[in-house]
Amino acid sequence: MDRLIKVGMADLQASCHPCVITTLGLGSCVGIALYDRYTKIAGLAHIMLPSSLQARNNSNIAKFADTAIVKLVEDMIKLGAHREKITAKIAGGAQMFAFNQSSDVIRIGARNVLATKDVLAELKIPLLSEDTGGNYGRTVELYSDDGRFLIKTIGHGITQI
Amino acid sequence: MTIHIDDLNNMQLDVLREIGNIGAGNAATALAKMLNKKVNMDVPKVKILEFKYVNDILGGADQLVVGILLRVNGDLTGNIMFMLDINAAHALVDMLMGDFASNASESAEFSEIEISALKEIGNILASSYLTSMSALTNLKIMPSVPDIAIDMAGAILSVPAIEFGKIGDTVLYIETEFLEGNSRVVGDFFLVPDMESYEVLLRALGVIS
């Protein structure tokens, strides 16, 4: 059995092969899986908010799409990953409650996904696939042997991207 | 002046705990009346948690739970959430609806009328919680229409948690566990006021001037 590494909410982890990195119960949050298939170095971030620039307290850089991705790439490079080989897969960004109101909180999932894509594009990290949106939670697992990203849900099946 | 949740002193935390106690006491009474059964509750816990650990409560982030969320408006704003273990949710609906309900207890499937019943339970409980809070503080507090999600605990809890993410790295929950007879936990009640509302709340109670 490979090493299982857990990533909490507003948290990120990078690791060498062999490992499985997982995060449980992604709702509006987005799970960002980065992988270098040459060195098999993997990293996963569980972000809650789109941008550190809009927050009053941005000391925890793993909380925001913009800062978390940059940090995760840095951590992976420290472990020996090649910057230009890193690719991304993302999951999450759901809307858990259907609330019919204009509050920002409600559309936070979609905003998290958009921000994540913007940051990936800016850093020129190719986004290979995604499983985002909907109104259900996701538990994800990133496997370091081939970079497959497994997404488990309740009532919406298991997908692999 | 804005207070930061990490700076709350013991007395202020006690006051928040007591608010939870009174609110939940009323809600428990309402639930007991509905079910015609004795409902016990734990002393509320005021939890200040780092996000990393939020997922550990309620027996794990990928536990299947029923979350009934109401937005709180008025002088005080925030979220109030009643979270039920899936078995407890089925049991609750069965008790309320007698023969009409299905027997499946582990499944995430609820009929439309069961969903409606669950929402109504959430509505009644949240309203009784807030009414007592309103009477105590003289603040105008109104709950919104309830909304429901049946999914992973972590995914549901992240909704109020994200509100806190904007201003800090911790989240404050006033949590009360409901127990029914010997069938252990019925549910968890979370009051998650918006950040600015702590000040309003503590000020209305004369704890800060």
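Select B:Ile19: at 3% relative accessibility, this residue counts as buried. The model you have open is a predicted one.

**Stop 1: a helix in chain B**

Keep B:Ile19 on screen and show the helix around it. B:Ile19 lies in helix α1 of chain B. Now add B:Leu205. B:Ile19 and B:Leu205 are 186 residues apart along the chain, yet their C-alpha atoms are separated by 9.9 Å.

Next, select residues 10-35 of chain B. This is the whole of α1, with 26 residues. How far apart should its ends be? At 1.5 Å a residue, the helix should span 38 Å. Its end C-alpha atoms are 36 Å apart, which agrees.

Step just past the end of the helix. There, B:Asn36 takes a positive phi of about 60°.

Zoom out to the whole of chain B. Chain B has six helices and eight strands. From the N terminus on, they run α-β-β-α-β-β-α-α-β-β-α-β-β-α. Of the 209 residues of this chain, 58% count as buried.

**Stop 2: chain A at a glance**

Hide chain B and show chain A. Here the secondary structure comes to two helices and 10 strands. Along the sequence, the pattern is β-β-β-β-β-α-β-α-β-β-β-β. Of the 161 residues of chain A, 57% count as buried.

**Stop 3: the sheet around β4**

Strands of a sheet pair through backbone hydrogen bonds, either parallel or antiparallel. Look for both kinds here.

Select strand β4 of chain A, residues 30-36. Is β4(A) mostly covered or mostly open? It is mostly covered: seven of its seven residues are buried. Show the side chains. A:Val30, A:Ile32, A:Leu34 and A:Asp36 point one way from the strand. A:Gly31, A:Ala33 and A:Tyr35 point the other way. Residues of both groups are buried.

Add strand β5, residues 41-47 of chain A. Seven bridges join β4(A) to β5(A), and the two run antiparallel. Find A:Asp36, which stands opposite A:Ile41 in β5(A). Then look at the turn of this hairpin. It has four residues between the strands, and A:Lys40 takes a positive phi near 60°.

Add strand β6 next, residues 86-92 of chain A. β4(A) pairs with β6(A) in the antiparallel sense, over seven bridges. A:Val30 stands opposite A:Gly92 in β6(A).

Stay on β6(A) and bring in β7(A). Which way do these two pair, parallel or antiparallel? They pair in the parallel sense, over five bridges. A:Gly92 also stands opposite A:Thr132 in β7(A).

Now show the full sheet. Five strands form an open sheet in the order β2-β5-β4-β6-β7, with mixed pairing. At the edges stand β2 (11-15) and β7 (127-132) of chain A. Each has a single partner strand, so one side of each is left without a neighbour in the sheet. Neighbouring strands of this sheet are turned by 10° against each other on average, direction ignored.

**Stop 4: another sheet in chain A**

Select β1, β3, β8, β9 and β10 of chain A. These five strands form an open sheet in the order β1-β3-β8-β9-β10, and its pairing is mixed. Which strands stand at its edges? They are β1 (3-6) and β10 (158-160), each with a single partner strand, so one side of each lacks a neighbour in the sheet. Here, neighbouring strands are turned by 20° against each other on average, direction ignored.

Zoom in on β8 (residues 138-143) and β9 (residues 149-152). Four bridges join these antiparallel strands of chain A. A:Leu142 stands opposite A:Phe149 in β9(A).

**Stop 5: charges over rings**

Select A:Arg148 and A:Tyr143. The charged end of A:Arg148 sits over the ring of A:Tyr143, 3.9 Å from its centre.

Move to A:Tyr38. A:Lys85 lies over the face of this ring, at 4.9 Å from the ring centre.

**Stop 6: two cysteines**

A disulfide is a covalent bond between the sulfur atoms of two cysteines. How many disulfides does a search of the whole structure find? It finds zero over all chains.

Select A:Cys16. This residue is in no disulfide, and the nearest cysteine sulfur, that of A:Cys19, is 7.9 Å away. For a disulfide, the sulfur atoms must be within 2.5 Å. Last, compare the surroundings of the two residues. A:Cys16 counts as partly exposed, at 33% relative accessibility. A:Cys19 counts as buried, at 0%.

Terms used:
Residues are numbered from 1 along each chain as its sequence is written. Chains are lettered from A and ligands numbered from 1 in the order in which they are written. This is a predicted model: local features need pLDDT of at least 70, side-chain atom pairs count only at pLDDT 80 or more; totals for chains, interfaces and linings use all residues. Side-chain values use heavy atoms; hydrogens and water are left out. Two strands pair if DSSP finds at least two bridges between them. Axes are lines fitted to C-alpha atoms, for helices over the stretch in contact, and angles run from 0 to 180 degrees between N-to-C directions. Buried means under 20% relative accessible area, exposed over 50%, partly exposed in between (1.4 Å probe, protein chains only). The expected span of a helix is 1.5 Å times one less than its number of residues. A charge sits over a ring if NZ of Lys or CZ of Arg is within 6 Å of the ring centre and within 35 degrees of the ring normal.
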